[in-house]
Amino acid sequence: VKKKAGKYEKQAQPVKQTAVLGAGIMGGGIAYQSASKGTPILMKDIKDEALELGLKESRKLFAKQVERKKLTTEQMAEKLTNIRPTLSYGDFGNVDLVVEAVVENPKVKGAVLAEVEESVGEGTILTSNTSTISINRLAQNLKRPENFCGMHFFNPVHRMPLVEVIRGAKTSDAAVGATVAYARAMGKTPIVVNDCPGFLVNRILFPYFGGFSFLVEQGADFQRVDKVMEKFGWPMGPAYLLDVVGLDTAVHAGEVMAEGFPDRMGSMSGEGDKKSAIQLMYENDRLGQKNDKGFYAYE
Ligand code: NAD
């Protein structure tokens, strides 16, 4: 029996002030989307440069809207004030909902979630934008696991409509409800899914990446594969998609998937001592669009 996402919203506390941890590809995108739809958001990172980059991306996206005459420069300036960059948890006391979007590493995420839990009120909802790590695993570090669930956006955040809301074993209906309501306020389409490594979309996407990697290892030309998959009807091929995602994030997420489903995710992590094409790209610092070189080169 499927439960409709709307069912939970009736029990939700209003989400008026939010925060995102991490100002990278996803954190920056989440901050932009929230600000654009009118919910103020604190954007926290550990590096000043990351905050600056995150803000720059938002400015670029708002400026495009001004160019297209969808916003005036005054409206752009006003929307930008919805994003407050910070290096500390100082102002987290009145935050209703936090989205954690730091690196895809269970230890780092566990520590960051436990840290932020100390800085927020008892009723604050904590969510993670993890691509693959089980919500029950991340909840182990928390004192109030009932207030915690997954809130998984897709890249680029401002264009991708879907948000997976992942319910852990201890997640309350109120936490799911607030997260569903916030996703809708951001103009997204939330779906509530059960917990497992990779949730729903990445259970499908990572075997696809693995299949692509295996083809390349057998000598396929990645550019031709991309062209074929575009003709098949996908908006972009797997090599370009991996460049957009980030090869580092793909490798880390792939490790979580291989650990969760050892018999089914092999080709992503290679075979025995033989490394996969995706791993080799990562080890050669070809991280994709984030450092201007992945399968393709960027300017
Ligand atoms: P990224 O490398 O672009 O950004 C990560 C940011 O986190 C960096 O700015 C880093 O400085 C910051 N950070 C690290 N430790 C921190 C801490 N303790 N506190 C605050 N900030 C900290 O990575 P990303 O692609 O934005 O991925 C972030 C998360 O989103 C990961 O869990 C990833 O799996 C998930 N995700 C990524 C994609 C994608 O396509 N890239 C899609 C969906 C979900």
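**Close-up views of a predicted model**

**View 1. Strand 2 and strand 3 pair in the parallel sense.** Strand 2 covers residues 41–44. Four bridges link strand 2 to strand 3. In this predicted model, methionine 43 sits opposite proline 85 of strand 3. Helix 3, residues 48–67, packs on the sheet here. Helix 3 touches both strand 2 and strand 3. The direction of helix 3 makes about 165° with that of strand 3.

**View 2. Eight strands build an open sheet.** The strand order is 3-2-1-4-5-6-7-8. The pairing is mixed. Strand 3 (83–86) and strand 8 (189–194) are the edge strands. Each of these two pairs on one side only. On average, neighbouring strands of the sheet are turned by 25° against each other, direction ignored. Strands of a sheet pair through backbone hydrogen bonds, in either a parallel or an antiparallel sense.

**View 3. The ligand has 29 residues around it.** Those that come nearest are Gly22, Gly24, Met26, Ser131 and Asn155. What is the make-up of the shell by class? The shell has 15 nonpolar residues, nine polar residues and five charged residues.

**View 4. Helices contribute to the shell around the ligand.** Helix 2 (25–36), helix 5 (106–119) and helix 11 (247–260) each supply at least two shell residues. Which helix gives the most? Helix 2 does, with three residues.

**View 5. The ligand lies between domain 1 and domain 2.** Domain 1 spans 6–194, and domain 2 spans 204–291. Why is the ligand placed between them? Both domains give residues to the shell around the ligand, so the ligand lies between the two.

**View 6. Domain 1 and domain 2 are in contact.** The centres of the two domains, taken over C-alpha atoms, are separated by 27 Å. Seven residues of domain 1 take part in the contact. Domain 2 brings nine residues to the contact. On the side of domain 1 that touches domain 2, two residues are nonpolar, four are polar and one is charged.

**View 7. Confidence scores accompany the predicted model.** The protein chain averages a pLDDT of 95. A score of at least 70 is reached by 97% of the residues. The model has an ipTM of 0.98 and a pTM of 0.94. Predicted coordinates should not be read in detail where pLDDT is low.

Technical notes: Residues are numbered from 1 along each chain as its sequence is written. This is a predicted model: local features need pLDDT of at least 70, side-chain atom pairs count only at pLDDT 80 or more; totals for chains, interfaces and linings use all residues. A residue is near a molecule or strand if its C-beta atom, placed from the backbone, lies within 6 Å of it. Ala, Val, Leu, Ile, Met, Phe, Trp, Tyr, Cys and Pro count as nonpolar, Asp, Glu, Lys and Arg as charged, and the others, Gly among them, as polar. Domain bounds come from an automatic or database domain assignment. Two strands pair if DSSP finds at least two bridges between them. Axes are lines fitted to C-alpha atoms, for helices over the stretch in contact, and angles run from 0 to 180 degrees between N-to-C directions. Two residues are in contact if their C-beta atoms, placed from the backbone, lie within 7 Å. pLDDT is the predictor's confidence in each residue, from 0 to 100.
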